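Visitor: I am new to this structure and should like to learn how to read it. Would you take me through its features in turn?

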Protein chains: 2
Amino acid sequence: MARPMTFDAEETIERAVEVFWQRGFGATTPQNLVDELGIGKGSLYNTFRSKHHLFQLAMRRYCAHRAAELAEALDGPGAERPKLRTAMRNLAGVGEHQLGCLIVNSVAELGSSDEAVADVSKEMFDLVQDAFRASIERGQARGELIPGRDPVDAASALLAVVIGTNVLAKAGRPASQLTRLLDAALIDI
Amino acid sequence: MARPMTFDAEETIERAVEVFWQRGFGATTPQNLVDELGIGKGSLYNTFRSKHHLFQLAMRRYCAHRAAELAEALDGPGAERPKLRTAMRNLAGVGEHQLGCLIVNSVAELGSSDEAVADVSKEMFDLVQDAFRASIERGQARGELIPGRDPVDAASALLAVVIGTNVLAKAGRPASQLTRLLDAALIDI
DNA sequence: CGAATTCTTGACTTCAGGGTACAGAACCTT
DNA sequence: AAGGTTCTGTACCCTGAAGTCAAGAATTCG
């Protein structure tokens with residue numbers, strides 16, 4: 001029929017995640033993408049239409065990863081508090097490169113002026129908050145967690161903590177302080 | 001001796017705060033600054049040396065404002081919890097234009113790759129955390145707040161909540177949810 | 001094999017960002 | 001009033017960002 005693509009689009013998107021994550025949307029140039037994705041400019045624009053469109057794909061891919069990680073951490077058996085702790089550490093990217101969270105960074109950079117960012121971030125934040133809420137409700141029902149707290153309120157507070165921790169990570173706070181912080185936030189859940 | 005400046009540099013910096021706050025550093029163009037500061041390009045570069053230098057001045061000015069606000073909220077007499085609530089609402093910019101916090105945005109956009117941002121943000125975050133810590137210690141000493149919590153840990157958690165709330169504000173969450181969130185975070189302090 | 005189709009390469013174009021230069025204006029001193 | 005000095009306005013410059021395009025390469029179908 002025709003010449004097949006010589007690269008895997010999915011894999012390329014995954015690499016694009018890294019690129020945008022490291023540099024942010026505005027600071028990433030087409031040349032950066034060409035260099036780090038290993039494809040030509042023509043292929044880039046031919047396949048992904050525009051820098052911004054690739055950015056959207058990268059954000060969604062990133063969210064899918066994070067959501068899967070979150071589900072893995074919270075869905076299994078076991079006490080809720082340790083699972084929450086793990087989930088929060090993952091989301092806060094404590095151990096990783098100190099790049100914060102791609103979504104948080106994008107919101108802070110582009111805010112609600114970028115519709116794609118607004119949509120994806122709303123989705124992601126709601127998803128995380130809801131997963132936290134479900135976990136807290138389970139923990140309360142089993143008598144593990146402090147009863148009487150509104151699970152929605154507690155979950156939104158934890159979401160804010162995770163987001164804040166990401167920013168603090170990007171600001172250069174040492175991981176040791178961040179894990180303490182997360183533990184402190186979990187004390188009264 | 002020589003021709004005097006026809007504009008007030010301090011006032012111009014204050015305007016620059018607004019400009020950078022609205023658009024972020026990268027997305028602000030010299031033309032934006034010329035238009036919104038109401039001075040010519042020559043004066044701009046003559047007085048402020050570079051876009052980045054003006055940005056630094058704007059960040060510091062912004063921090064000074066915020067720090068004064070914070071001190072005003074926490075230093076007076078009265079119970080600590082309500083004062084903390086006020087302070088956090090101020091810092092989270094709940095009522096204002098949904099622009100988040102200039103420092104948080106800058107960290108997320110430029111991260112630690114920009115030394116000025118790294119310095120200012122570290123300073124500011126430490127300052128806020130320390131003010132929170134002092135307030136919590138006072139509250140504990142007076143028996144107002146829950147005893148036994150490490151004030152440093154609690155303060156860092158509150159800092160993270162405030163930062164996260166800023167991001168959520170910029171992501172478009174309604175103010176009503178954000179005030180609830182802040183109240184929820186204060187429950188167990 | 002040739003044709004049709006789709007991918008790749010990379011030179012090229014356009015335009016804006018960030019800054020400089022310089023001519024002229026406004027002020028102070030004498 | 002003249003001169004020295006500093007500010008202002010604006011035209012200009014250079015680089016790089018973002019994207020386009022045409023020519024050629026790889027593939028399948030007939």
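Guide: Let us begin with a definition: helices (H or I, at least four residues) and strands (E, at least two) are DSSP runs, numbered from the N terminus. Residues are numbered from 1 along each chain as its sequence is written, and chains are lettered from A and ligands numbered from 1 in the order in which they are written. The model is predicted: local features need pLDDT of at least 70, side-chain atom pairs count only at pLDDT 80 or more, and totals for chains, interfaces and linings use all residues.

Visitor: Which elements supply at least two residues each to the surface near DNA strand D?

Guide: A residue is near a strand if its C-beta atom, placed from the backbone, lies within 6 Å of it. For DNA strand D, chain A provides helix H2 (30–37) and helix H3 (41–48), and chain B provides helix H3 (41–48). With four residues, H3(B) gives the most to this surface. Of the 25 residues around DNA strand D, the nearest are A:Arg3, B:Ala2, B:Arg3, B:Gly40 and B:Gly42.

Visitor: Which residues come nearest to DNA strand C?

Guide: Among 26 residues around DNA strand C, they are A:Ala2, A:Arg3, A:Gly40, A:Gly42 and B:Arg3. Two or more residues each come from H3 of chain A and from helix H2 (30–37) and H3 of chain B. H3(A) contributes the largest share, five residues.

Visitor: How do the residues of the surface near DNA strand C divide by class?

Guide: Ala, Val, Leu, Ile, Met, Phe, Trp, Tyr, Cys and Pro count as nonpolar, Asp, Glu, Lys and Arg as charged, and the others, Gly among them, as polar. The surface near DNA strand C has 11 nonpolar, 10 polar and five charged residues. For DNA strand D, the division is 11 nonpolar, nine polar and five charged.

Visitor: What relates chain B to chain A?

Guide: Two copies of a chain are related by a rotation about an axis and a shift along it. Here the copies are superposed by least squares on the C-alpha atoms of residues with pLDDT of at least 70 in both. A turn of 180° and a shift of 0.0 Å along the axis lay chain B on chain A with an RMSD of 0.0 Å. The two copies are thus related as by a two-fold rotation axis.

Visitor: How many residues does each chain bring to the contact?

Guide: Two residues are in contact if their C-beta atoms, placed from the backbone, lie within 7 Å. The contact takes 38 residues from chain B and 38 residues from chain A. On the chain B side, H8(B) provides the largest share, 14 residues. That side consists of 19 nonpolar, 13 polar and six charged residues. The copies meet through the same surface, because 100% of the interface residues of chain B are also interface residues in chain A.

Visitor: Is A:Gly26 buried, exposed or partly exposed?

Guide: A residue is buried if 20 or more other C-beta atoms, placed from the backbone, lie within 10 Å of its own, exposed if 12 or fewer, and partly exposed in between. A:Gly26 counts as partly exposed because it has 14 C-beta neighbours inside 10 Å. Its place is the loop between helix H1 (9–23) and H2 of chain A. Not counting residues up to four places away in sequence, A:Gly26 touches A:Glu109, B:Gly26 and B:Ala27.
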